[in-house]
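Here are some notes to read alongside the structure. Please keep the sequence and the 3D view open while you go through the points.

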Amino acid sequence: MMEPLFLKSYFQAKIWGGRKLGTEFGYELPAGKIGECWAISAHPHGPSTVLNGPLAGLNLAEAYTQHPEYFGNPKSKVFPLLTKILDAEASLSVQVHPDNDYAEAHEHELGKTECWYIIKADPDSYLIYGHHAKSRAELADWINQGQWEKLLRKVPVKTGDFVYVPSGTIHALNKGILALETQQSSDTTYRLYDYDRVDQATGQKRALHLQQSIDVTTVPFKQPRLNIQKKQLGASEITSYVQPPLSPFFSVWQWDIHGEVIGQHEQGAYTLASVISGNGSIKVDQQVFPLQKGQHFILPAQISQWILDGNMQIIASESTEN
């Protein structure tokens, strides 16, 4: 009898974090400014742990390597995706991530293409998203001179928005935003600007990576054109945010569940899921598992079909690299 793999999150303290992950989702947080919930993670900097079934007690990296059948016997040596929830109590650094080739050569890990579903945003919230430089020489000049107002694009954002951030895109979540992030499993970040903040733990400003940022930034910036599609299933609605070929590493959906909905994935696929509001249940092989806001789970490849029931919102994703 197969069942979903429910996961225990790993929490990361950040200079820009707060306590909303506890108040919004009921998580028991460690002390301090907690910026990130690594909810579905096999990355060595913060692996989540399987809570139930035959794999209980294994972290996700161990489950992936020791039991590849749960993941469709994938070709990738490392679990390819990472799901986070981020609490930007203050603004994140202005940053950019490398693609796979640069990351492999310089950091020995995957590159980082990511996307955000905005769970909550305070009034007048905005993102840094892209830049205005027309050439790499102009980009380097403005970065080295600290011409941030000239360089950076500011984009308004509100609750319920979805933003796709390919590698090479200058970006930052700004204060007052709570977001679910789906990304490649990478922890490589190049900072252009960090508001001259001092890390109280070290008494030092955090490191910047100006040359790497200049190397990996896509010039000129081209905003991706999303083809968001919605499908009604009775009172429920499935929203497809990104799919290949636009997104070569993952597909992402929003499941708005109101009543019973039958779900399935293609043979060999496995699905990552995060309940971001409401509650309900999932039925697999005649077993019913309760679901509530803040839970994260994986539907293994051996599960061909499931039934969701209740009133809840779920962000789901699948790797497209199997």
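1. E114 is placed in strand β7, in what is a predicted model. Its relative accessible area is 1%, so E114 is classed as buried, the cut-off for that word being under 20%. When neighbours within four places in sequence are left aside, E114 is in contact with H97, Y164, V165, P166, H171, E181, T182, Q183 and F250. With one of these residues, H97, there is also a polar contact between the two side chains, at 3.3 Å.

2. H171 belongs to strand β11, which spans residues 171–173. Is H171 buried or exposed? The relative accessibility of H171 is 1%, and therefore H171 counts as buried. Setting aside residues up to four places away in sequence, H171 touches S93, V94, Q95, V96, H97, E114, W116, I128, Y129 and V165, so that E114 appears in the list for H171, just as H171 appears in the list for E114.

3. H97, E114 and H171 are also brought together by a record, since an unreviewed UniProt entry annotates these residues as "binding site". They are spread over 75 residues of sequence, and yet they cluster in space, with a largest C-alpha distance of 10.7 Å. The annotation comes from the record, and such annotations may be inferred rather than shown by experiment.

4. The unreviewed UniProt entry also carries the annotation "domain: Phosphomannose isomerase type I catalytic", which covers residues 6–118. Over this stretch the chain is 18% helix and 33% strand, while the C-alpha atoms at its two ends are 23 Å apart.

5. Which residues lie nearest the centre of the largest pocket? They are I238, W253, W255, Q264 and E318, out of a lining of 31 residues in total. The elements that contribute two or more residues to this lining are β16 (229–233), β17 (236–242), β18 (250–258), β19 (261–264) and β23 (305–319). The largest share, five residues, is given by β23. The space in this pocket comes to about 680 Å³, and its lining residues divide into 13 nonpolar, 13 polar and five charged.

6. The second largest pocket has a volume of about 290 Å³. Its lining is made of 14 residues, and those that lie nearest its centre are L7, K8, S9, Y27 and G294. Strand β1, residues 5–8, supplies the largest share of this lining, namely three residues. Sorted by type, the lining residues are six nonpolar, five polar and three charged.

7. Some points of backbone geometry deserve a careful look, because most residues other than glycine have a negative phi, and most peptide bonds are trans. The bond that joins V219 and P220 is cis, with omega at about -10°, and P220 is placed in the loop between α6 (210–216) and β16. A cis peptide bond is likewise found from P244 to P245, where omega is near 5°; P245 is in the loop between β17 and β18.

8. Positive phi values are the next topic. N73, which is not a glycine, has a phi near 50° and lies in the loop between α2 (60–66) and β5 (81–88). D124 is not a glycine either, and its phi is positive at about 70°; D124 is found in the loop between β7 (114–121) and β8 (126–131). How do these two residues stand in terms of accessibility, and which class do they fall into? N73 has a relative accessible area of 54% and so is exposed, a word used for values over 50%. D124, at 76%, is therefore exposed by that cut-off as well.

9. N59 sits in the loop between β4 (49–50) and α2. A polar atom of the side chain of N59 lies 3.0 Å from the backbone nitrogen of A61, and for the backbone nitrogen of E62 the corresponding distance to a polar atom of the N59 side chain is 2.8 Å. Leaving aside its neighbours within four places in sequence, N59 is in contact with P47, S48 and T49.

Terms used
Residues are numbered from 1 along each chain as its sequence is written. This is a predicted model: local features need pLDDT of at least 70, side-chain atom pairs count only at pLDDT 80 or more; totals for chains, interfaces and linings use all residues. Side-chain values use heavy atoms; hydrogens and water are left out. On a 1 Å grid over the protein atoms alone, a cavity is a set of points where a 1.4 Å probe fits but cannot get out, and a pocket is an open set with protein on both sides within 12 Å along at least five of seven lines; lining residues have an atom within 4 Å of a point. Grid points are joined across faces, edges and corners, and a volume is the space filled by probe spheres set on the points. Helices (H or I, at least four residues) and strands (E, at least two) are DSSP runs, numbered from the N terminus. Ala, Val, Leu, Ile, Met, Phe, Trp, Tyr, Cys and Pro count as nonpolar, Asp, Glu, Lys and Arg as charged, and the others, Gly among them, as polar. Buried means under 20% relative accessible area, exposed over 50%, partly exposed in between (1.4 Å probe, protein chains only). A polar contact is a pair of N or O atoms within 3.5 Å; within protein, one must be able to donate a hydrogen and the other to accept it, and residues adjacent in sequence count only if both atoms are side-chain atoms. Contact means heavy atoms within 4.5 Å.
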